[in-house]
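Biologist: I have a sequence and a model on my screen. Can you take me through the helix packing, step by step?

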Amino acid sequence: MDREREWQLIGGHLALDLCNTVAWRSDPARRVDRIAAPGGFAGWFAHATGHPGTPDDPVGTRSLRDALGEVLDAHVEGTTGDGRAGAALGIVLGAWRAALAAAELVETEAFSLPLTLAGRTRPEGMGVHHFLALSVGELLFSDAVRRVRRCEGPGCGWFFLDTTRNHSRRWCDPADCGNRVRVRAYAQRRRSGTDA
């Protein structure tokens, strides 16, 4: 597999890129966990953060990732009030609380408000799992969560921050899922005879 494609970082936030380590999230027949293979997690983490890191809690990190996916699915579907994602939110918040307890905050003279925890901690000082949990908490407790979208490509399910001016981004990557949708629509128009 092409490493550049495998570690494509389209989320716009580390927590979203963690969720996106599962390819074809919404299609059980094609679903692939890209960090489950030997060396997969360390390769992804180094690519995503620029820091070396080995999984200190691989089961916990995959559980955090999957729970975050459920929470974000409920968020984008507008079903957060129906209680389905409550258990998943409990997993996420538990991991975040444990990470806060383990965090070594870096103090500097220069800062900007609001403070962000992920930017003020070092993964080598606390453990990779806790570092990722802080990133997840930072996303969920920030205004950025309002811009989280899920790719509309059939079966994709990847998350991203929609930073377009008119909030119109629909796909994880216009050249990937976006192109597949356009090609499929064109072929359907051709078959129905509505395309000249």
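Modeller: Start with one contact in this predicted model. On the α4 side sit G60, T61, L64, L68 and L72. On the α6 side they meet H129, L132, A133, V136 and L140.

Biologist: How many residues of the contact of α4 with α6 are nonpolar, polar and charged?

Modeller: Leucine, alanine and valine count as nonpolar, while glycine is put with the polar residues. No charged residue takes part in the contact of α4 with α6. The split is three polar and seven nonpolar.

Biologist: Are α4 and α6 roughly parallel or roughly antiparallel?

Modeller: Helix α4 covers residues 58-77 and helix α6 covers residues 128-140. Their axes come within 10 Å and cross at roughly 10°. Angles under 35 degrees count as roughly parallel. Therefore α4 is, relative to α6, roughly parallel.

Biologist: Is α6 largely enclosed by the rest of the structure or not, and why?

Modeller: Buried means under 20% relative accessible area. The buried residues of α6 include F131, L134, E138 and L139. Twelve of its 13 residues are buried, so α6 is largely enclosed.

Biologist: Which elements do the buried residues of α6 pack against?

Modeller: Helix α4 is one of them. Two strands also take part, β3 (148-150) and β4 (159-161). The other partners are the helices α2 (14-19), α3 (40-49) and α5 (86-102).

Biologist: What does α6 reach from its first C-alpha to its last?

Modeller: α6 has 13 residues. At 1.5 Å a residue, 18 Å is expected. The model is close to that, at 19 Å.

Biologist: Now G40. Is G40 buried or exposed?

Modeller: G40 lies in helix α3. Beyond its neighbours within four places in sequence, G40 contacts W7, R34 and I35. Its relative accessible area is 3%, so G40 is buried.

Biologist: How far apart in space are G40 and P55?

Modeller: In sequence, 15 residues separate G40 and P55. From C-alpha to C-alpha, the distance is 9.8 Å.

Biologist: Step back to the whole protein. In what order do the elements run from the N terminus on?

Modeller: There are seven helices and four strands. The strands come in two pairs along the order, which reads α-α-β-β-α-α-α-α-β-β-α.

Biologist: What share of the residues of the protein count as buried?

Modeller: The protein exposes about 10900 Å², with 53% of it from carbon and sulfur atoms. It has 196 residues, and the share that count as buried is 41%.

Notes:
Residues are numbered from 1 along each chain as its sequence is written. This is a predicted model: local features need pLDDT of at least 70, side-chain atom pairs count only at pLDDT 80 or more; totals for chains, interfaces and linings use all residues. Side-chain values use heavy atoms; hydrogens and water are left out. Axes are lines fitted to C-alpha atoms, for helices over the stretch in contact, and angles run from 0 to 180 degrees between N-to-C directions. Angles under 35 degrees count as roughly parallel, over 145 as roughly antiparallel, 65 to 115 as roughly perpendicular and the rest as oblique. Contact means heavy atoms within 4.5 Å. Buried means under 20% relative accessible area, exposed over 50%, partly exposed in between (1.4 Å probe, protein chains only). Accessible areas come from the Shrake-Rupley method with a 1.4 Å probe; for residues, only the protein chains shown count as cover. The expected span of a helix is 1.5 Å times one less than its number of residues.
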